[in-house]
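Student: I'm new to this one, so please pick a single sheet and walk me through it closely, then tell me what lies in the interior.

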Amino acid sequence: MAFIKLTAQSALPATNEAKEFPCGNKTICIANVNGTYSAMDNICLHRGGPLGQGMIEGGKVICPWHGWAWDAKTGVAEQDSRMKVALYPLKIENGEVMIEI
Ligand code: FES
């Protein structure tokens, strides 16, 4: 595991929005919950929907396909607490967004 550059700070999503970013052979969803950023797997564990194309409500990323709600802090699904998307440590340095993956 090492920190790698994901994107520029200026490309991060606006407050209470999510956005997807390519990262090697994966796609990462960045969620901005009231100014706090989370990096999570972009693939919804329900049926594979793109979380980074979803909305944020109450601190959760809402999958655009069937509305499952994923906690941006824990990765846990509201609909099934056994389901959890991976979260990655994120840091911002010199205008660059790094995640540990
Ligand atoms: S694929 Fe995400 S809610 Fe169904």
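Tutor: Let's start with one pairing: Ala-8 has Glu-96, in β10, as its bridge partner. Before going on, note that this is a predicted model, where local features need pLDDT of at least 70, side-chain atom pairs count only at pLDDT 80 or more, and totals for chains, interfaces and linings use all residues. Residues are numbered from 1 along each chain as its sequence is written, and side-chain values use heavy atoms, with hydrogens and water left out.

Strands here are DSSP runs of E, at least two residues long, numbered from the N terminus. β1 and β10 (residues 96-100) run antiparallel, joined by five bridges; two strands count as paired if DSSP finds at least two bridges between them. The open sheet has three strands, ordered β1-β10-β9, with antiparallel pairing. β1 (3-8) and β9 (90-93) are at the edges with a single partner strand each, so each has one side without a neighbour in the sheet. On average, neighbouring strands are turned by 35 degrees against each other, direction ignored, using axes fitted to C-alpha atoms.

Now the interior. A nonpolar core is a set of buried Ala, Val, Leu, Ile, Met, Phe, Trp, Tyr and Cys residues joined through side-chain atoms within 4.5 Å, where buried means under 20% relative accessible area with a 1.4 Å probe, protein chains only. The largest has 15 residues, and Met-40 and Trp-70 are among those touching the most other members. Strand β3 (residues 26-33) gives the most to this core, three residues. Another core, of ten residues, lies apart from it and includes Leu-6, Phe-21, Ile-30 and Val-97.

Conventions: Buried means under 20% relative accessible area, exposed over 50%, partly exposed in between (1.4 Å probe, protein chains only). Helices (H or I, at least four residues) and strands (E, at least two) are DSSP runs, numbered from the N terminus. Axes are lines fitted to C-alpha atoms, for helices over the stretch in contact, and angles run from 0 to 180 degrees between N-to-C directions.
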